[in-house]
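User: I would like a close look at one part of this model. Please start from a single residue and work outwards.

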Amino acid sequence: MSQALPASPLKQLWLKWRFHLNILLILIPLGFMPKYFADARLFRGEAGLGANVIRDIQVGPYSLDLAELRDEAPRADGPAGYFKSFNAALCKACIKDVKAAYLRIGKPRSLRAAGTIFFGAPYNMGTSLPIPPRTKPDAHIWITLEGWDGSMYQASIPLAKASPATVAWLEKQGGNK
């Protein structure tokens, strides 16, 4: 008659603690859920447009609200460079008249160089604005609105007002040019 060998100490430890380790694997992701839900609310527009909201920017006969998505420095996107996310909301009266909205650092030369286009619903549009590393901290962001009738309206706001975090990042990058 043969006898079973006793389990190794490692197997005994596993058999004793496996239940507790599985519970831990369930609880760890729950710690990240509040940030996930906060980001989901922001992207759905339920938490407002974002940080540093600038209300009622007049662009010709229209107006819009502009906000940076998060109050943080621009993020690197590989070889494409650095980008900053902005959200905008058109006024209710001008939604039917505006065909497209664009955002750019520096004054656009024409509609073909108007910048990055906003996408999404007119009351919560978003875009990722490229931030060239040699941008001066006193630069202006230009908003271009194109109407369905072919009209084009432009307005500018200081980058420091639209995104103080980007200006701080640019000043920090000053020595790295």
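In which element is the place of A165?

Analyst: A165 has its place in helix 4. Helices here are DSSP runs of H or I with at least four residues, strands are E runs of at least two, and both are numbered from the N terminus. This is a predicted model, in which local features need pLDDT of at least 70 and side-chain atom pairs count only at pLDDT 80 or more, while totals for chains, interfaces and linings use all residues. Residues are numbered from 1 along each chain as its sequence is written, and side-chain values use heavy atoms, with hydrogens and water left out.

Start with the residue itself. A165 counts as buried, because its relative accessibility is 14%. The cut-offs are under 20% relative accessible area for buried, over 50% for exposed, and partly exposed in between, with a 1.4 Å probe and protein chains only. Neighbours within four places in sequence set aside, A165 is in contact with D71, E72 and A73. Contact means heavy atoms within 4.5 Å. D71 also gives a backbone distance: 94 residues separate it from A165 along the chain, yet their C-alpha atoms are 6.0 Å apart.

Now the helix around it. Helix 4 covers residues 164-173, and its buried residues are A165, T166, V167, W169, L170 and Q173. An α-helix has 3.6 residues a turn, so residues three or four places apart point the same way. Strand 4 (82-90), strand 8 (124-131) and helix 3 (159-162) are among the elements that cover the buried residues of helix 4.

Strand 4 is worth a stop. F83 sits in this strand. F83 counts as partly exposed, because its relative accessibility is 23%. Beyond four places in sequence, F83 contacts P74, R75, D77, S128, L129, P130 and I131. Its C-alpha atom is 21 Å from that of L145, with the two positions 62 residues apart along the chain.

Next, strand 2, which spans residues 62-68 and holds L66. L66 is buried, because its relative accessibility is 1%. Apart from residues up to four places away in sequence, L66 touches N52, V53, I54, I57, F86, N87, A88, F118, I143 and I157. L66 and G50 are 16 residues apart in sequence, and 8.8 Å apart from C-alpha to C-alpha.

Strand 5 (residues 98-105) contains V98. V98 counts as buried, because its relative accessibility is 8%. With residues up to four places away left out, V98 touches Y62, L90, L145, E146, G147 and W148. A C-alpha distance of 24 Å separates V98 from N52, 46 residues apart along the chain.

One backbone detail belongs to strand 1, residues 51-59, where D56 lies. D56 is not a glycine, but its phi is positive, at about 50 degrees. D56 counts as exposed, because its relative accessibility is 57%.

Now the whole protein. It has 4 helices and 10 strands. From the N terminus on, the order is α-α-β-β-β-β-β-β-β-β-β-β-α-α. The radius of gyration is 25 Å, well over the 16 Å of the globule rule for 177 residues, so the protein is more spread out than a compact globule. That radius is taken over C-alpha atoms, and the rule is 2.2 Å times the number of residues to the power 0.38. The C-alpha trace spans about 95 × 45 × 25 Å along its principal axes.

The domain assignment gives domain 1 (7-47) and domain 2 (51-175). Their bounds come from an automatic or database assignment. The two domain centres, taken over C-alpha atoms, are 39 Å apart.

Some totals complete the picture. Of the 177 residues, 35% count as buried. Among contacts with a separation of 6 or more, 57% come from residues 24 or more positions apart. The protein exposes about 11,500 Å², and carbon and sulfur atoms supply 60% of that area. Areas come from the Shrake-Rupley method with a 1.4 Å probe; for residues, only the protein chains shown count as cover.

Last, charge. There are 22 positive and 13 negative side chains, and the centres of the two sets lie 9 Å apart. Lys and Arg count as positive and Asp and Glu as negative; His and the chain ends are not counted. Each charge is placed at NZ of Lys, CZ of Arg, CG of Asp or CD of Glu.
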